[in-house]
Amino acid sequence: MKYAICLQPYIPMRKTAEESAEMVSQMLFGDTFQILDEQPRWYFVQRDFDGYQGWIDFKTATVIEPKEYHKYVAESENALLLRLPYNPVTRTMEGVSGVSHLSWGSRIFNMDDTGVMFNMNGIRFDVPNMTYVEPVKASTMSRKACSKYILQQAQLLLNVPYLWGGISAFGVDCSGFIQTLFRFIGIALPRDASQQYKVGTEVSFADAEIGDLAFFGKDGKVSHVGLVADNGRILHVSGLLHFDKLTEEGIYRESLKEYTHKLIGIKRIF
(Lines give C-alpha, C1' and ligand atoms only; values in the text may rest on other atoms or scores of the structure.)
Protein backbone atom coordinates (compact mmCIF):
# COMPACT_ATOMS: atom_id res chain seq x y z
CA MET A 1 0.00 0.00 0.00
CA LYS A 2 1.23 3.49 -0.89
CA TYR A 3 0.11 6.66 0.87
CA ALA A 4 -0.02 10.20 -0.46
CA ILE A 5 -1.15 13.78 0.15
CA CYS A 6 -2.46 16.46 -2.15
CA LEU A 7 -0.05 19.41 -2.30
CA GLN A 8 -1.67 20.97 -5.38
CA PRO A 9 -4.65 23.35 -5.29
CA TYR A 10 -6.75 20.33 -6.24
CA ILE A 11 -6.44 16.94 -7.93
CA PRO A 12 -9.17 15.72 -10.31
CA MET A 13 -10.45 12.21 -9.60
CA ARG A 14 -11.67 10.47 -12.76
CA LYS A 15 -13.99 7.57 -13.46
CA THR A 16 -11.43 5.73 -15.57
CA ALA A 17 -7.68 6.03 -16.16
CA GLU A 18 -7.73 8.54 -18.99
CA GLU A 19 -7.65 12.33 -19.25
CA SER A 20 -10.93 12.45 -21.16
CA ALA A 21 -12.79 10.47 -18.49
CA GLU A 22 -15.54 12.00 -16.37
CA MET A 23 -14.33 13.84 -13.27
CA VAL A 24 -16.23 12.21 -10.40
CA SER A 25 -14.72 14.28 -7.59
CA GLN A 26 -11.59 16.12 -6.46
CA MET A 27 -9.11 16.26 -3.63
CA LEU A 28 -8.14 19.56 -2.03
CA PHE A 29 -4.75 20.71 -0.82
CA GLY A 30 -4.00 18.88 2.42
CA ASP A 31 -6.19 15.85 1.70
CA THR A 32 -4.57 12.50 2.41
CA PHE A 33 -5.32 9.42 0.34
CA GLN A 34 -4.38 5.80 -0.24
CA ILE A 35 -3.14 4.39 -3.53
CA LEU A 36 -5.06 1.16 -4.06
CA ASP A 37 -3.95 0.22 -7.57
CA GLU A 38 -1.64 1.39 -10.35
CA GLN A 39 -1.64 1.49 -14.11
CA PRO A 40 1.01 3.11 -16.32
CA ARG A 41 0.87 6.84 -15.42
CA TRP A 42 -2.26 6.44 -13.29
CA TYR A 43 -3.12 5.70 -9.65
CA PHE A 44 -6.45 4.35 -8.41
CA VAL A 45 -6.94 6.12 -5.08
CA GLN A 46 -9.25 6.45 -2.11
CA ARG A 47 -9.67 9.81 -0.44
CA ASP A 48 -9.52 9.45 3.35
CA PHE A 49 -12.02 12.20 4.10
CA ASP A 50 -15.00 10.44 2.51
CA GLY A 51 -13.77 7.13 1.14
CA TYR A 52 -14.41 8.27 -2.43
CA GLN A 53 -12.46 6.43 -5.10
CA GLY A 54 -11.21 7.41 -8.53
CA TRP A 55 -8.26 7.56 -10.89
CA ILE A 56 -5.67 10.34 -10.78
CA ASP A 57 -2.64 11.23 -12.91
CA PHE A 58 0.30 9.76 -10.99
CA LYS A 59 2.24 13.05 -11.35
CA THR A 60 -0.31 14.87 -9.20
CA ALA A 61 0.29 12.68 -6.14
CA THR A 62 2.87 13.42 -3.47
CA VAL A 63 3.75 9.98 -2.12
CA ILE A 64 4.79 10.07 1.54
CA GLU A 65 6.12 7.62 4.10
CA PRO A 66 3.56 5.67 6.17
CA LYS A 67 4.68 7.35 9.42
CA GLU A 68 4.18 10.83 7.94
CA TYR A 69 0.86 9.80 6.39
CA HIS A 70 -0.54 8.52 9.69
CA LYS A 71 0.58 11.73 11.41
CA TYR A 72 -1.41 13.83 8.92
CA VAL A 73 -4.45 11.56 9.25
CA ALA A 74 -4.33 11.82 13.06
CA GLU A 75 -4.18 15.62 12.89
CA SER A 76 -6.66 16.11 10.05
CA GLU A 77 -9.74 16.87 12.18
CA ASN A 78 -7.94 19.80 13.81
CA ALA A 79 -6.04 21.06 10.76
CA LEU A 80 -6.40 24.74 9.91
CA LEU A 81 -8.82 25.51 7.07
CA LEU A 82 -8.31 28.21 4.47
CA ARG A 83 -11.38 30.42 4.64
CA LEU A 84 -11.19 32.77 1.65
CA PRO A 85 -12.40 31.63 -1.77
CA TYR A 86 -8.87 31.92 -3.20
CA ASN A 87 -5.87 32.08 -0.89
CA PRO A 88 -2.49 33.23 -2.30
CA VAL A 89 0.21 30.95 -0.90
CA THR A 90 3.92 31.18 -1.75
CA ARG A 91 5.51 27.77 -2.27
CA THR A 92 9.30 27.44 -1.92
CA MET A 93 11.06 24.24 -2.92
CA GLU A 94 14.77 23.82 -3.62
CA GLY A 95 15.20 27.59 -3.51
CA VAL A 96 12.53 28.31 -6.12
CA SER A 97 9.41 30.22 -5.09
CA GLY A 98 6.08 30.71 -6.80
CA VAL A 99 2.55 31.67 -5.84
CA SER A 100 -0.36 29.23 -5.87
CA HIS A 101 -3.98 30.05 -5.12
CA LEU A 102 -5.48 27.47 -2.78
CA SER A 103 -9.20 26.99 -2.34
CA TRP A 104 -11.52 27.68 0.53
CA GLY A 105 -11.70 24.53 2.67
CA SER A 106 -8.12 23.38 2.02
CA ARG A 107 -6.28 21.95 5.00
CA ILE A 108 -2.92 23.23 6.17
CA PHE A 109 -0.64 21.55 8.71
CA ASN A 110 2.47 22.39 10.74
CA MET A 111 1.91 26.14 11.09
CA ASP A 112 4.89 27.67 12.89
CA ASP A 113 4.82 30.29 15.66
CA THR A 114 4.84 33.21 13.21
CA GLY A 115 1.37 32.24 11.96
CA VAL A 116 2.38 32.82 8.34
CA MET A 117 4.60 29.85 7.44
CA PHE A 118 4.08 26.10 7.41
CA ASN A 119 6.10 23.18 6.10
CA MET A 120 4.70 20.05 4.47
CA ASN A 121 6.85 17.27 3.02
CA GLY A 122 9.94 19.48 3.04
CA ILE A 123 8.22 22.30 1.13
CA ARG A 124 7.85 25.75 2.66
CA PHE A 125 4.55 27.55 2.28
CA ASP A 126 3.97 31.18 3.25
CA VAL A 127 0.36 32.24 3.73
CA PRO A 128 -1.02 35.66 4.74
CA ASN A 129 -2.28 35.80 8.31
CA MET A 130 -6.04 35.74 8.89
CA THR A 131 -6.72 33.71 5.74
CA TYR A 132 -7.32 30.57 7.77
CA VAL A 133 -9.44 29.42 10.70
CA GLU A 134 -9.54 26.53 13.10
CA PRO A 135 -12.50 24.23 12.48
CA VAL A 136 -15.21 24.75 15.07
CA LYS A 137 -17.22 21.88 16.47
CA ALA A 138 -20.95 22.02 15.93
CA SER A 139 -21.39 19.95 19.08
CA THR A 140 -19.85 22.70 21.22
CA MET A 141 -21.94 25.58 19.79
CA SER A 142 -25.53 26.65 20.20
CA ARG A 143 -27.78 25.86 17.25
CA LYS A 144 -28.23 29.58 16.55
CA ALA A 145 -24.51 30.37 16.62
CA CYS A 146 -23.59 27.38 14.45
CA SER A 147 -26.29 28.22 11.89
CA LYS A 148 -25.10 31.83 11.66
CA TYR A 149 -21.48 30.75 11.29
CA ILE A 150 -22.08 28.21 8.55
CA LEU A 151 -24.21 30.62 6.53
CA GLN A 152 -21.45 33.24 6.78
CA GLN A 153 -18.89 30.72 5.51
CA ALA A 154 -21.22 29.60 2.71
CA GLN A 155 -21.81 33.12 1.41
CA LEU A 156 -18.09 33.62 0.83
CA LEU A 157 -18.53 31.42 -2.24
CA LEU A 158 -21.44 33.31 -3.82
CA ASN A 159 -21.25 33.25 -7.64
CA VAL A 160 -18.71 30.40 -7.77
CA PRO A 161 -19.54 28.43 -10.94
CA TYR A 162 -21.04 24.96 -11.13
CA LEU A 163 -18.59 22.20 -12.00
CA TRP A 164 -19.53 18.53 -12.12
CA GLY A 165 -17.37 16.72 -9.56
CA GLY A 166 -16.05 19.98 -8.08
CA ILE A 167 -15.55 20.57 -4.35
CA SER A 168 -13.54 23.82 -4.42
CA ALA A 169 -13.90 27.55 -5.00
CA PHE A 170 -12.65 26.99 -8.55
CA GLY A 171 -15.95 25.23 -9.24
CA VAL A 172 -18.39 23.12 -7.21
CA ASP A 173 -21.31 20.83 -7.70
CA CYS A 174 -24.22 20.92 -5.27
CA SER A 175 -23.08 18.16 -2.90
CA GLY A 176 -19.40 19.07 -3.20
CA PHE A 177 -20.21 22.56 -1.93
CA ILE A 178 -22.16 21.18 1.03
CA GLN A 179 -19.49 18.62 1.90
CA THR A 180 -16.64 21.14 1.94
CA LEU A 181 -18.78 23.70 3.79
CA PHE A 182 -19.50 21.31 6.64
CA ARG A 183 -15.76 20.82 7.19
CA PHE A 184 -15.85 24.22 8.86
CA ILE A 185 -18.04 22.89 11.68
CA GLY A 186 -16.21 19.59 12.06
CA ILE A 187 -18.77 17.41 10.28
CA ALA A 188 -17.63 14.93 7.63
CA LEU A 189 -20.49 14.38 5.20
CA PRO A 190 -20.54 11.81 2.39
CA ARG A 191 -19.73 13.03 -1.12
CA ASP A 192 -23.02 12.68 -3.04
CA ALA A 193 -26.42 14.25 -2.38
CA SER A 194 -28.14 10.85 -2.25
CA GLN A 195 -25.67 9.76 0.43
CA GLN A 196 -26.02 13.02 2.37
CA TYR A 197 -29.79 12.53 2.48
CA LYS A 198 -29.24 9.45 4.65
CA VAL A 199 -27.55 11.55 7.35
CA GLY A 200 -29.27 13.53 10.10
CA THR A 201 -32.86 13.85 11.29
CA GLU A 202 -35.80 14.61 9.03
CA VAL A 203 -37.71 17.83 9.77
CA SER A 204 -40.85 19.27 8.24
CA PHE A 205 -40.81 22.26 5.92
CA ALA A 206 -42.54 24.32 8.62
CA ASP A 207 -39.82 23.47 11.15
CA ALA A 208 -36.86 24.02 8.82
CA GLU A 209 -34.16 26.37 10.11
CA ILE A 210 -31.00 28.02 8.80
CA GLY A 211 -28.29 25.39 8.38
CA ASP A 212 -30.63 22.50 7.54
CA LEU A 213 -30.14 20.70 4.24
CA ALA A 214 -32.95 20.55 1.66
CA PHE A 215 -32.95 17.73 -0.87
CA PHE A 216 -34.56 17.62 -4.29
CA GLY A 217 -35.19 15.18 -7.11
CA LYS A 218 -37.80 13.14 -8.94
CA ASP A 219 -39.76 10.03 -7.98
CA GLY A 220 -38.13 9.99 -4.56
CA LYS A 221 -34.62 9.85 -6.02
CA VAL A 222 -32.34 12.57 -4.62
CA SER A 223 -30.24 14.44 -7.18
CA HIS A 224 -29.76 17.92 -5.67
CA VAL A 225 -29.05 19.51 -2.28
CA GLY A 226 -28.88 23.03 -0.89
CA LEU A 227 -28.47 24.91 2.39
CA VAL A 228 -31.58 26.32 4.01
CA ALA A 229 -30.92 30.04 4.47
CA ASP A 230 -32.85 32.99 5.91
CA ASN A 231 -35.99 34.74 4.71
CA GLY A 232 -37.45 31.71 2.95
CA ARG A 233 -34.37 31.25 0.76
CA ILE A 234 -32.06 28.41 -0.16
CA LEU A 235 -28.38 28.69 -1.07
CA HIS A 236 -27.47 26.16 -3.73
CA VAL A 237 -25.33 25.54 -6.81
CA SER A 238 -27.22 25.57 -10.10
CA GLY A 239 -25.26 27.34 -12.82
CA LEU A 240 -23.49 29.12 -9.98
CA LEU A 241 -23.84 29.40 -6.20
CA HIS A 242 -26.78 31.70 -5.49
CA PHE A 243 -29.95 32.21 -3.48
CA ASP A 244 -33.37 31.13 -4.67
CA LYS A 245 -36.80 30.99 -3.05
CA LEU A 246 -37.60 27.80 -1.12
CA THR A 247 -41.21 26.62 -0.85
CA GLU A 248 -42.94 23.39 0.13
CA GLU A 249 -43.03 22.56 -3.56
CA GLY A 250 -39.35 23.15 -4.20
CA ILE A 251 -36.95 25.78 -5.53
CA TYR A 252 -38.51 28.74 -7.31
CA ARG A 253 -36.19 30.87 -9.44
CA GLU A 254 -37.54 34.39 -9.76
CA SER A 255 -35.48 35.17 -12.88
CA LEU A 256 -37.10 32.28 -14.74
CA LYS A 257 -40.52 32.56 -13.09
CA GLU A 258 -40.57 28.80 -12.61
CA TYR A 259 -39.81 25.93 -10.25
CA THR A 260 -36.50 24.27 -11.07
CA HIS A 261 -36.26 21.54 -8.41
CA LYS A 262 -38.89 19.46 -6.58
CA LEU A 263 -38.50 19.16 -2.80
CA ILE A 264 -38.08 15.62 -1.44
CA GLY A 265 -37.16 16.33 2.17
CA ILE A 266 -35.23 18.39 4.70
CA LYS A 267 -32.61 17.05 7.09
CA ARG A 268 -31.07 18.53 10.23
CA ILE A 269 -27.41 17.62 10.54
CA PHE A 270 -26.42 19.49 13.72
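**Salt bridges and a sheet in a predicted model**

Me: At 22% relative accessibility, what does Arg143 count as?
Reply: This is a predicted model, and in it Arg143 has a relative accessibility of 22%. Buried would need a value under 20%, and exposed one over 50%. Arg143 falls in between, so it counts as partly exposed.

Me: Which residue forms a salt bridge with Arg143?
Reply: The closest N and O atoms of this pair are 3.2 Å apart. Arg143 lies in helix 2 (residues 143-155) and its partner in the loop between strand 17 (201-203) and strand 18 (213-218), so the pair ties together parts that are 66 residues apart in sequence. The partner counts as partly exposed at 35% relative accessibility. It is Glu209.

Me: Asp212 lies in the loop between strand 17 and strand 18; how many residues apart in sequence are the parts that its pair with Arg268 ties together?
Reply: The side chains of Asp212 and Arg268 meet in a salt bridge, 2.9 Å from N to O. Asp212 is in the loop, while Arg268 is in strand 23 (residues 258-268), so the parts tied together are separated along the chain by 56 residues.

Me: Of Asp212, what is the relative accessible area?
Reply: Its partner Arg268 is partly exposed at 21%. Asp212, by contrast, is buried. Its relative accessible area is 0%.

Me: Which residues are joined into one network by salt bridges that share partners?
Reply: Two of the members, Arg47 and Asp31, meet through their side chains at 2.9 Å, N to O. Arg47 is in strand 5 (residues 42-47) and Asp31 in the loop between strand 3 (23-28) and strand 4 (32-39), so they tie together parts that are 16 residues apart in sequence. Both are buried. The full network is Asp31, Arg47, Asp50, Arg107 and Arg183.

Me: Which backbone nitrogen does the side chain of Asp57 reach?
Reply: Asp57 sits in strand 6 (residues 53-57) and counts as buried, at 14% relative accessibility. Leaving out residues up to four places away in sequence, it touches Glu19, Arg41 and Trp42. Its side chain also reaches a backbone nitrogen at 2.9 Å, that of Lys59.

Me: In strand 13, what is the bridge partner of Thr90?
Reply: Look at the open sheet of four strands, ordered 10-9-13-12 with antiparallel pairing. Strand 10 (96-103) and strand 12 (117-120) are its edges. Strand 9 (residues 86-93) pairs with strand 13 (residues 123-126) over three bridges. For Thr90, the bridge partner in strand 13 is Asp126.

Note on methods. Residues are numbered from 1 along each chain as its sequence is written. This is a predicted model: local features need pLDDT of at least 70, side-chain atom pairs count only at pLDDT 80 or more; totals for chains, interfaces and linings use all residues. Side-chain values use heavy atoms; hydrogens and water are left out. Two strands pair if DSSP finds at least two bridges between them. Helices (H or I, at least four residues) and strands (E, at least two) are DSSP runs, numbered from the N terminus. Buried means under 20% relative accessible area, exposed over 50%, partly exposed in between (1.4 Å probe, protein chains only). A polar contact is a pair of N or O atoms within 3.5 Å; within protein, one must be able to donate a hydrogen and the other to accept it, and residues adjacent in sequence count only if both atoms are side-chain atoms. Contact means heavy atoms within 4.5 Å. A salt bridge is a side-chain nitrogen of Lys or Arg within 4 Å of a carboxyl oxygen of Asp or Glu.
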